[in-house]
Amino acid sequence: MPEVEGGESSDDVYPFHGVDGENNPIGPCDAFWKRVLTKKIRKDVDDDENTKEGKLLWYHQGVEYWNHVDATVDGVLGGFGSVSGADAKENERILRTMMYPEGEFSEILEKRALDVGAGVGRVSSTFLTKFFRSVDLLEPVHHFIEKAKATLKDKVQNYFEESLEEFSFEEDGKALAGYDVIWIQWCIGQLSDADFIDLLKRAKVNADGFIVVKENNCSKGFHWDDQDSSITRSDNYFRWIFEQAGMEVVNSKMSDVFPKELFAVRTYVLKRSPPKKKSQ
Ligand SMILES: C[S@@+](CC[C@H](N)C(=O)[O-])C[C@H]1O[C@@H](n2cnc3c(N)ncnc32)[C@H](O)[C@@H]1O
């Protein structure tokens with residue numbers, strides 16, 4: 001099998017092929033998403049209505065899973081709460097070397113960050129609120145966001161109890177000011193390809209701002225976890241998504257601070273690609 005940097009095989013191309021929790025092949029991603037999101041749930045309604053219900057079910061199952069998880073760092077990290085300190089240190093290095101290499105961080109940055117799929121506010125409390133003047137937090141699970149509020153109090157400006165696929169970057173009908181950094185960590189596998197691409201396109205990020213995606217990588221295709229309605233994507237799969245969304249990977253790095261038995265973790269620093277010049 002031909003290999004490329006990071007150990008992924010060069011035949012890992014769209015449509016990416018997946019496996020389930022027992023490593024059984026489940027076919028290509030386009031057919032997978034069609035199958036899980038457009039279930040024939042009701043015979044008395046048309047396809048559009050079934051698609052809406054299928055999608056609701058996918059996301060409902062995800063949130064339901066997390067509704068039954070303890071509102072603790074260990075809970076949101078699936079029993080690996082001990083990696084949180086090393087993760088926070090690594091996030092600081094990412095900020096200093098991959099995002100603002102010229103910057104001096106003796107003082108807090110006059111910048112706005114959004115922590116999404118934030119769980120109990122772990123990334124905000126160990127990292128974002130230490131470096132950013134203003135931090136907002138988005139999380140759909142009620143008891144997680146309540147824990148985040150109790151821990152972070154007014155260190156976070158706005159708490160949005162919402163799902164990423166529905167978040168409109170508005171509050172009370174008014175558009176939110178743009179963010180300098182939108183930090184997406186260990187949660188984007190909950191979103192379908194279409195919703196992930198749509199999120200990247202509509203995210204309110206300033207012209208000189210970044211979207212950071214720090215996520216598990218499988219070596220090829222995708223792994224489906226039917227318990228929490230999520231998938232783990234390969235490096236090639238992520239890069240395909242970014243391309244579809246018009247995002248440029250300005251920096252990326254494989255983590256070297258996590259236990260070897262876990263999935264590899266990769267951070268992507270993204271910027272919106274400049275609009276293509278029209279040919280004369
Ligand atoms: C593995 S935890 C990670 C939490 C946090 N990012 C961290 O690193 O500590 C995944 C989080 O994604 C959240 N989540 C699940 N479905 C989501 C959705 N549709 N939109 C946004 N977040 C979601 C879960 O509630 C949970 O808090």
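The exercises below, each with a worked solution, concern a predicted model.

**Exercise 1. Describe how helices α4 and α5 pack against each other.**

Solution. Start with the geometry. Helix α4 covers residues 84-99 and helix α5 covers residues 122-131; their axes come within 10 Å and cross at roughly 30°. The crossing of α4 past α5 is right-handed.

Next, list the residues that meet. From α4 these are Ser84, Asp87, Ala88, Asn91, Glu92, Leu95 and Arg96, and from α5 they are Arg122, Val123, Thr126, Phe127 and Phe131. Sorted by class, the contact holds five nonpolar, three polar and four charged residues.

**Exercise 2. Determine whether Glu110 is buried or exposed, and find the side chain with which it makes a polar contact.**

Solution. Place the residue first: Glu110 belongs to strand β3, residues 109-116. Its relative accessible area is 59%, and the cut-off for exposed is over 50%, so Glu110 is exposed.

Then look across the chain. The C-alpha atom of Glu110 is 6.3 Å from that of Phe132, although 22 residues separate the two along the chain. The side chain of Glu110 has a polar contact of 2.7 Å with the side chain of Arg133.

**Exercise 3. Identify the residues that touch the most other members of the largest nonpolar core, and follow the contacts of Leu200.**

Solution. The largest nonpolar core has 42 residues, and those touching the most other members are Trp33, Ile182, Ile184, Leu200, Ile211, Tyr237 and Phe242. Two or more residues of this core come from each of α1 (29-37), α2 (47-67), β3, β8 (179-185), α7 (193-202), β9 (205-217), α8 (235-244) and β13 (264-272).

Now take Leu200. With neighbours within four places in sequence set aside, Leu200 is in contact with Ile211, Ile241, Phe242, Ala245, Met247, Leu270 and Arg272. Apart from the largest core lies another, of 25 residues, with Ile94, Leu95, Phe131 and Val135 among them. Leu95 and Phe131 also appear in the contact of α4 with α5.

As background, nonpolar side chains in soluble globular proteins tend to be buried together.

**Exercise 4. List the buried residues of α8 and state the sign of phi at Gly246.**

Solution. In α8 the buried residues are Asp235, Tyr237, Phe238, Trp240, Ile241 and Phe242. Gly246 follows α8 and has a positive phi, near 75°.

**Exercise 5. Examine the backbone at Pro15, Phe169 and Asp172.**

Solution. Begin with Pro15, in the segment before β1 (17-19). The peptide bond leading from Tyr14 to Pro15 is cis, and its omega is near -5°.

Phe169 sits in the loop between β5 (158-160) and β6 (170-171). Its phi is positive, about 60°, although the residue is not a glycine. With a relative accessible area of 3%, Phe169 is buried.

Asp172 is located in the loop between β6 and β7 (174-175). Its phi is positive as well, near 50°, and it too is a residue other than glycine. Asp172 is exposed, at 77% relative accessible area.

**Exercise 6. Classify Arg233 as buried or exposed and name the partners of its side chain.**

Solution. Arg233 is part of strand β11, residues 230-233. Its relative accessibility is 1%; the cut-off for buried is under 20%, so Arg233 counts as buried.

Two partners follow. A polar atom of the Arg233 side chain lies 2.8 Å from the backbone oxygen of Leu191. The Arg233 side chain also makes a polar contact of 2.9 Å with the side chain of Asp193.

How values were computed: Residues numbered from 1 in each chain as written. Predicted model: local features only at pLDDT ≥ 70, side-chain atom pairs only at ≥ 80, totals over all residues. Heavy atoms only, no water. Axes fitted to C-alpha atoms, helices over the stretch in contact; angles between N-to-C directions. Helix = DSSP H or I, 4+ residues; strand = E, 2+ residues; numbered from the N terminus. Left-handed = near helix turned anticlockwise from the far one by under 90°. Contact = heavy atoms within 4.5 Å. Nonpolar A, V, L, I, M, F, W, Y, C, P; charged D, E, K, R; others polar. Buried < 20%, exposed > 50% of the residue type's maximum accessible area, 1.4 Å probe, protein only. Polar contact = N/O pair within 3.5 Å; in protein donor to acceptor, adjacent residues only side chain to side chain. Core = buried A, V, L, I, M, F, W, Y, C linked by side-chain atoms within 4.5 Å.
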